[in-house]
Amino acid sequence: MDAQKSIMTLYDIASGPPVRPFSPNPWKARYALNFTKTRYCTTWVPLPDVAATRKKLGVPACRKHADGTDFLTLPILYDPTTTSSTQQEGALVGDSFDIAIHLHNKHSSPDGGRPPLFPPNSLALHRTFNAHVDTLFSLNGAQLAGYYMPFEPATAEAVQADFARRAGVSRWEDLEIPQGSEERKKKLAAFEAALGSGLAAWFVRRDEGPFLEGRTPMYADLIVGGWLQMMRNCLPEWEELRGWHGGLWGRLHDALEEWAEVS
């Protein structure tokens, strides 16, 4: 196949200018692509167009909103080098964890300098870990960071109204937890405690390196890294978070910069 035609496409949510990735699940996919040294380009999708884009590509929802309706979101990966299950040229993968599995199975090559994402016999453990980390950050960090997501100014009002409706409040402003307020201080303390008991304790080889297994990174580190990228882009107290638990999160984030290129 022509080299140019073999380049994959990652569909990611566009932020306000300058356009940059900020959502955790697309970041997980981006890390995985860079980690496996896969050539790809990014198609930036404005947030109001995400659902229509997913429908147009024919990728079914992999999650549900709280009200039971389809949650049509990103990332999506288009791999032109793989035949899909319907025998069509190219494969579309619409979930960050499934993207990691696809890249691990189809495009990792240790002998060619493209490391595997998953250690042997760890897929089920990774799937459980992914759900655990998503829940931990969603229940604690997202409510502190979500209000500060870098929306595109031209569509911010409509996007915020939709978020407010989904959250069951009448106004976007009702979701704000003011910086410096006692409520925010309590929630930040609760977030720090949740990360400590629910995640920091898993990093048992800190004297060997910043990753879960010390010196050797794996997809589990990229899962945490995706959420740290959201915190970096959206949480006003990011520098404070970096220093929690002896600076664990800052060290992990910095170590993952090797695979944080935006192509």
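Leaving aside its neighbours within four places in sequence, with which residues is L241 in contact? Select L241 in this predicted model and display its surroundings: F191, L228, M231, L235 and W249 are in contact with L241.

**The nonpolar core**

Next, widen the selection around L241. The largest nonpolar core has 68 residues. L241 is one of those with the most contacts inside this core, alongside L117, F137, L199, Y219, M231 and W249. Colour helix α8, residues 219–234, separately: this helix supplies 10 residues, the largest share of the core.

**G226 in helix α8**

Remain on helix α8 and select G226, which is placed there. G226 counts as buried because its relative accessibility is 0%, and the threshold for buried is under 20%. Show the residues around G226 as sticks: apart from neighbours within four places in sequence, G226 is in contact with P24, W27, K28 and Y31. Then draw a C-alpha to C-alpha distance from G226 to F22; the two are 8.7 Å apart in space, while 204 residues separate them in sequence.

**Aromatic pairs**

Two of the contacts of G226 are W27 and Y31, and these lead to the next stop. The structure has a count of 16 aromatic pairs. In the pair of W27 and Y31, the ring centres are 5.1 Å apart and the planes stand at 45°, so the pair is tilted. Both residues belong to helix α1, residues 24–35, and because they are 4 residues apart there, about one helical turn separates them. W27 and Y31 are both buried.

Move now to F97 and F118, which form a tilted aromatic pair with 5.8 Å from centre to centre and 55° between the planes. This pair links distant parts of the chain. F97 lies in helix α3, residues 96–107, and F118 in the loop between α3 and α4, 21 residues apart. F97 is buried, at a relative accessible area of 2%; F118 is also buried, at 6%.

For an aromatic cluster, select Y147, Y148, F151, F163 and W172 together; these residues form one such cluster.

**The cavity**

Keep F151 selected, since F151 is also among the residues that line the largest cavity. How many cavities of 30 Å³ or more does the structure hold? There is 1, and the largest cavity has a volume of about 50 Å³. To display the lining, select A14, S15, F22, P46, L47, P48, P150, F151, E152, T155 and V159. Coloured by residue class, this lining divides into 8 nonpolar, 2 polar and 1 charged.

**N130 and G243**

Go next to helix α4, residues 123–140, and select N130. Is N130 buried or exposed? N130 counts as buried, because its relative accessibility is 10%. Beyond residues up to four places away in sequence, N130 touches K28, F97 and I223. K28 and F97 have appeared on this tour already: K28 is in contact with G226, and F97 pairs with F118.

From N130, draw a C-alpha to C-alpha distance to G243: the separation is 23 Å in space and 113 residues in sequence. G243 is located in helix α9, residues 238–255. At 44% relative accessibility, G243 counts as partly exposed.

**Backbone geometry**

The last stops concern the main chain. Most residues other than glycine have a negative phi, and most peptide bonds are trans. Each of the following sites may be viewed against that background.

- Select H245 in helix α9. H245 is not a glycine, yet has a positive phi of about 55°.
- Select N121 in the loop between α3 and α4. This residue, also not a glycine, has a positive phi of about 60°. N121 is exposed, with a relative accessible area of 81%.
- Select P17 and P18. The peptide bond from P17 to P18 is cis, with omega near -5°. P18 is found in the loop between β1 (8–13) and α1.
- Select L74 and P75. The peptide bond from L74 to P75 is cis, with omega near 25°. P75 lies in the loop between α2 (50–57) and β3 (76–83).

How values were computed
Residues numbered from 1 in each chain as written. Predicted model: local features only at pLDDT ≥ 70, side-chain atom pairs only at ≥ 80, totals over all residues. Heavy atoms only, no water. Core = buried A, V, L, I, M, F, W, Y, C linked by side-chain atoms within 4.5 Å. Buried < 20%, exposed > 50% of the residue type's maximum accessible area, 1.4 Å probe, protein only. Helix = DSSP H or I, 4+ residues; strand = E, 2+ residues; numbered from the N terminus. Contact = heavy atoms within 4.5 Å. 1 Å grid on protein atoms, 1.4 Å probe; cavity = no way out; pocket = protein on both sides within 12 Å on 5 of 7 lines; lining within 4 Å. Points joined across faces, edges and corners; volume = space filled by probe spheres on them. Nonpolar A, V, L, I, M, F, W, Y, C, P; charged D, E, K, R; others polar. Phe/Tyr/Trp six-rings, centres within 6.5 Å; stacked < 30°, edge-to-face > 60°.
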